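The following exercises invite the reader to examine a structure step by step. Each task is followed by a worked solution.

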Amino acid sequence: MLLKGIRSVLLFAVLLLVLPDLFGDENSDPVRLYVSIQGNDAWSGRLPEPNQAKTDGPFATLGRARDTIRSWKKDGSLPSRGVEVLVREGVYSLEQSFSLGEEDSGTETASIIYMAYPGDTVRLSGGKSITGFKPVSEPEAIDLLDEEAEKNIVQADLKSLGVTDYGSPDSGGAEVFFNDNPMRISRWPNEGFVKIADIVVKDGHQIHGREGSQVGKFNYEGDRPERWVNEKDPWLQGYWFWDWSDQSQRITSINTGSAVISLATPYHHYGYRKGQWYFAFNMLGELDSPGEWYIDREKGILYFWPPKPVETAETIVSVLPNLIVMKDVSFVSFKNFTFEACRETAIRVTDGERVQLADCVIRNTGSNGADLSGARHSVVGCEIYNTGSGGIALNGGDRKTLTPSGLLADNNHIHHFGRVKRMYTPGISLHGVGVHVAHNLIHNAPHIAISFGGNENCIEFNEIHHVCMESNDAGAIYTGRNWTMRGNVIRYNYLHHINGFEKTRLCRCVSG
């Protein structure tokens with residue numbers, strides 16, 4: 001009996017040692033705060049859902065959770081095991097960008113993690129839901145629209161919904177999203193381009209033997225521009241001289257007698273050349289197919305041809321410039337969120353160290369998905385798509401001392417980017433020292449997939465396809481001319497299905 005008792009005591013002691021390793025020590029878990037659409041910022045935030053009496057429960061906003069952590073740091077009571085902010089199911093339409101500063105940092109042993117509650121889908125949106133659509137009634141709009149288009153287009157009063165800043169139509173302005181997809185600003189032709197028939201001012205301008213003009217006046221073919229004479233704010237997007245340099249420019253006048261379009265200054269840096277391609281956009285009269293939209297910026301009216309009945313899906317107009325802004329922040333992570341519907345870059349991280357974006361979706365942005373500068377930040381396992389510019393921008397390290405940044409982009413899926421700014425907005429750009437880009441899948445873009453500059457960076461095990469689709473003299477992996485950029489490693493990348501615009505020239509694709 002004595003031996004049996006001793007064995008029982010020993011077994012109990014072993015279990016006490018082993019069980020924490022198997023199941024986790026409760027005292028080592030991070031402190032948890034909760035945020036919910038059903039929450040209240042006057043509550044404690046320590047419960048994942050409201051209690052039965054509705055006297056306590058989760059917070060209603062991320063800002064309240066941030067401020068609670070900030071107060072813990074200020075009075076020295078930040079939990080030694082870190083903090084997790086778990087956000088419950090729903091779409092959170094932010095009234096302003098969620099901002100974090102140095103005072104919101106964690107520590108190396110007590111990180112702060114903002115994350116979706118396990119199993120919940122959480123979307124952080126910078127857009128405004130648009131309601132109150134009705135048939136087109138503005139007389140001047142009816143005059144410009146084709147009869148068939150008028151039957152399908154609806155209009156909404158943005159000003160009455162509190163949306164009064166529309167930005168510029170060429171970049172950084174409001175965009176429309178329907179059924180979680182970006183719609184297209186009205187344009188002609190609906191697909192592809194038309195070409196400059198000839199330049200007007202023969203000023204002897206040439207580059208590398210290519211003749212052109214420094215003045216933004218050119219002849220067009222056909223009679224389509226006659227429809228644009230009464231448009232309020234017509235624009236063209238073109239590859240005006242080189243196949244890899246695009247720019248949006250506003251039309252100042254159209255001479256239908258001599259078939260001349262004049263553009264606003266400043267003119268394009270490289271000038272204009274016969275045979276180069278362009279398309280027209282931001283014209284109400286060219287709103288002629290499903291999925292197109294136009295905003296009358298004077299009256300604040302949105303005109304939209306929904307691809308499905310407008311009541312079958314939510315229509316969103318982007319409002320906020322950014323969703324998350326961090327400055328001098330360290331040891332903070334965002335996990336399992338969907339970030340969407342902003343006018344500029346969704347997530348901006350400046351300086352600090354060890355900020356991580358993990359397993360997130362970033363989509364429907366006006367510019368990049370995420371821009372990060374500093375040390376040892378990482379973007380891991382994210383999907384980034386339908387961005388106005390590029391995907392991920394990484395910048396860090398010291399080139400004078402060759403101090404590495406430790407920045408990382410790993411195992412991300414980046415696709416269908418460059419919707420607004422089409423050239424030199426890569427899926428991943430990396431600059432500085434010691435940046436690592438690996439195991440990413442990048443595809444479907446008008447220009448380059450990866451651009452790099454600096455020293456001792458590593459680009460490896462990436463798959464790239466269907467890029468450089470709207471440009472020539474470009475590269476899937478691309479860098480500039482600077483002989484001080486030494487020690488970079490490019491290896492084991494798989495590049496395929498890459499052709500120049502109109503397949504006239506194969507792109508120069510770099511891999512090792």
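## Exercise 1: Pockets

The second largest pocket of this predicted model has a volume of about 380 Å³.

**Task.** Determine which residues are closest to the centre of the second largest pocket, and which elements give two or more residues to its lining.

**Solution.** Step one concerns the centre. The second largest pocket is lined by 24 residues, and Ser389, Val420, Lys421, Met423 and Thr425 are the closest to its centre. Step two turns to the elements: strand S20 (247–255) and strand S35 (392–396) each give two or more residues to this lining. Step three sorts the lining by class, which yields seven nonpolar, 13 polar and four charged residues.

**Task.** Describe the largest pocket by its volume and its lining.

**Solution.** The volume of the largest pocket is about 940 Å³. Its lining comprises 38 residues, of which Arg184, Gly418, Arg419, Val420 and Arg422 are the closest to the centre. The elements that contribute two or more residues to this lining are strand S11 (181–182), strand S12 (184–185) and strand S22 (277–281). By class, the lining of the largest pocket consists of 14 nonpolar, 14 polar and 10 charged residues. Val420 is listed among the residues closest to the centre for the largest pocket, and Val420 is also listed for the second largest pocket.

## Exercise 2: Nonpolar cores

**Task.** State which residues of the largest nonpolar core touch the most other members.

**Solution.** The largest nonpolar core has 68 residues, and those that touch the most other members are Val85, Tyr114, Phe334, Phe339, Ile347 and Ile450. The element that gives the most to this core is helix H2 (residues 62–74), with four residues. Apart from this core lies another of 22 residues, including Ala174, Phe279, Ile295 and Val317.

**Task.** Examine Tyr114: where is it placed, and is it buried or exposed?

**Solution.** First, tyrosine 114 belongs to strand S5 (residues 112–116). Next, its relative accessible area is 1%; buried means under 20%, so tyrosine 114 is buried. Then consider its partners: beyond residues up to four places away in sequence, tyrosine 114 touches Leu62, Arg66, Ile69, Val85, Phe98, Leu100, Val332, Ser333, Phe334, Lys335 and Phe337. Finally, compare sequence and space for one of these partners: tyrosine 114 and phenylalanine 334 are 220 residues apart in sequence, while their C-alpha atoms are 4.8 Å apart.

**Task.** Identify which residues isoleucine 450 touches, not counting residues up to four places away in sequence.

**Solution.** With that exclusion, the residues touched by isoleucine 450 include Pro426, Ile428, Leu430, Val437, Ile442, Ile459 and Asn462. Ile464, Ala476, Ile477 and Tyr478 are also among them.

## Exercise 3: Strands and sheets

**Task.** Determine which strands are joined to strand S6 by four bridges, and in which sense.

**Solution.** Strand S3 (residues 90–93) runs parallel to S6 and is joined to it by four bridges. In this pairing, valine 91 stands opposite arginine 123 of S6. Strand S28 (residues 337–342) likewise pairs with S6 in the parallel sense over four bridges, and here serine 125 of S6 faces glutamate 340 in S28.

The faces of S6 can now be considered. In a regular strand, side chains alternate between the two faces of the sheet. In strand S6 (residues 122–125), Val122 and Leu124 lie on one side, Arg123 and Ser125 lie on the other, and all four are buried, so that both faces are covered.

**Task.** Explain why strand S7 and S11 each have one side without a neighbour in their sheet.

**Solution.** The sheet is open and has four strands in the order S7-S25-S10-S11, with antiparallel pairing. Strand S7 (127–130) and S11 stand at its edges with a single partner strand each, so one side of each is left without a neighbour in the sheet. S7 pairs with strand S25 (residues 315–318) in the antiparallel sense over four bridges, and glycine 127 stands opposite serine 318 in S25.

**Task.** Identify which strands are the edge strands of the open sheet of five strands.

**Solution.** The order of this sheet is S8-S9-S24-S23-S12, and its pairing is mixed. Strand S8 (134–135) and S12 are the edge strands, since each pairs on one side only.

Key:
Residues numbered from 1 in each chain as written. Predicted model: local features only at pLDDT ≥ 70, side-chain atom pairs only at ≥ 80, totals over all residues. Heavy atoms only, no water. 1 Å grid on protein atoms, 1.4 Å probe; cavity = no way out; pocket = protein on both sides within 12 Å on 5 of 7 lines; lining within 4 Å. Points joined across faces, edges and corners; volume = space filled by probe spheres on them. Nonpolar A, V, L, I, M, F, W, Y, C, P; charged D, E, K, R; others polar. Core = buried A, V, L, I, M, F, W, Y, C linked by side-chain atoms within 4.5 Å. Buried < 20%, exposed > 50% of the residue type's maximum accessible area, 1.4 Å probe, protein only. Contact = heavy atoms within 4.5 Å. Pairing = 2+ DSSP bridges.
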